[in-house]
Amino acid sequence: LLAQQQPGPLSGRHVLITSGPTHEPLDPVRYIANRSSGKQGHALARAAQALGAHVTLVSGPVTLPDPGGVTLIKVETAQEMLDAVLDALPADMAICAAAVADWRAATEAAQKLKKEDGGNDVSLSLEQNPDILATIAIPGPQRPDLVIGFAAETENVVDNAKAKRRAKGADWIVANDVSHGTGIMGGDATRVHLVTGAGIEDWPSMSKDDMAARLLARA
Ligand code: CTP
Ligand code: CA
């Protein structure tokens, strides 16, 4: 897990990134999850590494190749992601690009649930997962100097992102419209609005790699 560092503007800095979905088990064979390829989070990890940072990438299950030169911690659930993130602190910068499942099953069945037992009308009892971004952003000695979150929205993109920035205590929110038809979800390109304390920047459509490089350069 020893990550190599190369000289660059982020030399000597620790950048903590979350990526991918989380999987919340219902039983030994089933889970609930968000849609997430991990492409944007992994692109950010590569971009930060290329600028010389020591990168810790905490990733849920993805089918992408492991980025070289970063400390990669693979997790399944939101709780595991939070534990790994807290273990990895302190960091100079944190970027939460993971699509964390908002809920987990209130109880995980030890044995496979049988469909005969549920019939046609099954309901799940869910409880909320911890908010990793909001936890990282809590003021204190461990808080990174720059905390960046994402907001994947399907309507009122910028207004929702502004509200999330305030609610979670993040410095910046990278907002994008993931409505069906935009192709951002799972695709290689993205179009984002950067929401900072100073206002809104509308960035043009670009590859997720280019967005990562631009965000890291800006950071
Ligand atoms: N996030 C997180 N932990 C969670 C939920 C979200 O760290 N349990 C982070 C995401 O990585 C992202 C930001 O919070 O950087 C916004 O995630 P999003 O799902 O858009 O916001 P939520 O607050 O979960 O609101 P909702 O899904 O209801 O829109
Ligand atoms: Ca969510």
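A residue is called buried when its relative accessible area is under 20%, and L146, at 14% relative accessibility, therefore counts as buried. The structure is a predicted model, and the points below follow strand β6 and its partners, the salt bridges, and the surroundings of strand β7.

**Strand β6 and its partners**
- Strand β1, which spans residues 14-19, pairs with β6 in the parallel sense over four bridges, and within this pairing C96 of β6 is the bridge partner of T18.
- Strand β9 likewise pairs with β6 in the parallel sense over four bridges, with G149 of β9 as the bridge partner of C96.
- The side chains of β6 point in two directions, M93 and I95 one way and A94 and C96 the other, and all of them are buried.

**L146 in strand β9**
- L146 lies in strand β9, which covers residues 146-153.
- Leaving aside residues up to four places away in sequence, L146 touches D92, M93, A94, D171, W172 and A219.
- L146 and A91 are 55 residues apart along the chain, while their C-alpha atoms are separated by 9.2 Å.

**Salt bridges**
- The structure holds nine salt bridges, among them one in which the side chains of D27 and R30 meet at 2.5 Å, N to O; D27 is buried at 2% relative accessibility, whereas R30 is partly exposed at 33%.
- R104 forms a salt bridge with E127, the closest N and O atoms being 3.0 Å apart; because R104 lies in strand β7 and E127 in strand β8 (residues 126-128), the pair ties together parts that are 23 residues apart in sequence.
- Both members of that pair are partly exposed, R104 with a relative accessible area of 25% and E127 with one of 33%.
- The side chains of R143 and D171 meet in a salt bridge of 3.2 Å, N to O; R143 lies in the loop between α4 (132-136) and β9, and D171 in the loop between α5 (157-168) and β10 (172-177), so this pair ties together parts that are 28 residues apart in sequence.
- R143 is buried, with a relative accessible area of 19%, whereas D171 counts as partly exposed at 22%.

**Calcium site and nonpolar patch**
- The protein donors of the calcium ion (ligand 2) are two OD atoms of D102, lying 2.4 to 2.6 Å from the ion, and D102 is found in the loop between β6 (93-96) and β7.
- W103 lies in strand β7, which covers residues 103-105, and is partly exposed, with a relative accessible area of 47%.
- Together with L124 and L126, W103 makes a nonpolar surface patch of about 310 Å².

Technical notes
Residues are numbered from 1 along each chain as its sequence is written. Chains are lettered from A and ligands numbered from 1 in the order in which they are written. This is a predicted model: local features need pLDDT of at least 70, side-chain atom pairs count only at pLDDT 80 or more; totals for chains, interfaces and linings use all residues. Side-chain values use heavy atoms; hydrogens and water are left out. Patches are made of residues with over 30% relative accessible area and no salt bridge: like charges are joined within 9 Å, nonpolar side chains (Val, Leu, Ile, Met, Phe, Trp, Tyr) within 5 Å. Accessible areas come from the Shrake-Rupley method with a 1.4 Å probe; for residues, only the protein chains shown count as cover. A salt bridge is a side-chain nitrogen of Lys or Arg within 4 Å of a carboxyl oxygen of Asp or Glu. Buried means under 20% relative accessible area, exposed over 50%, partly exposed in between (1.4 Å probe, protein chains only). Donors are N, O and S atoms within 2.8 Å of the metal (3.2 Å for Na, K and Ca); water is not among the atoms, so sites may look incomplete. Contact means heavy atoms within 4.5 Å. Two strands pair if DSSP finds at least two bridges between them.
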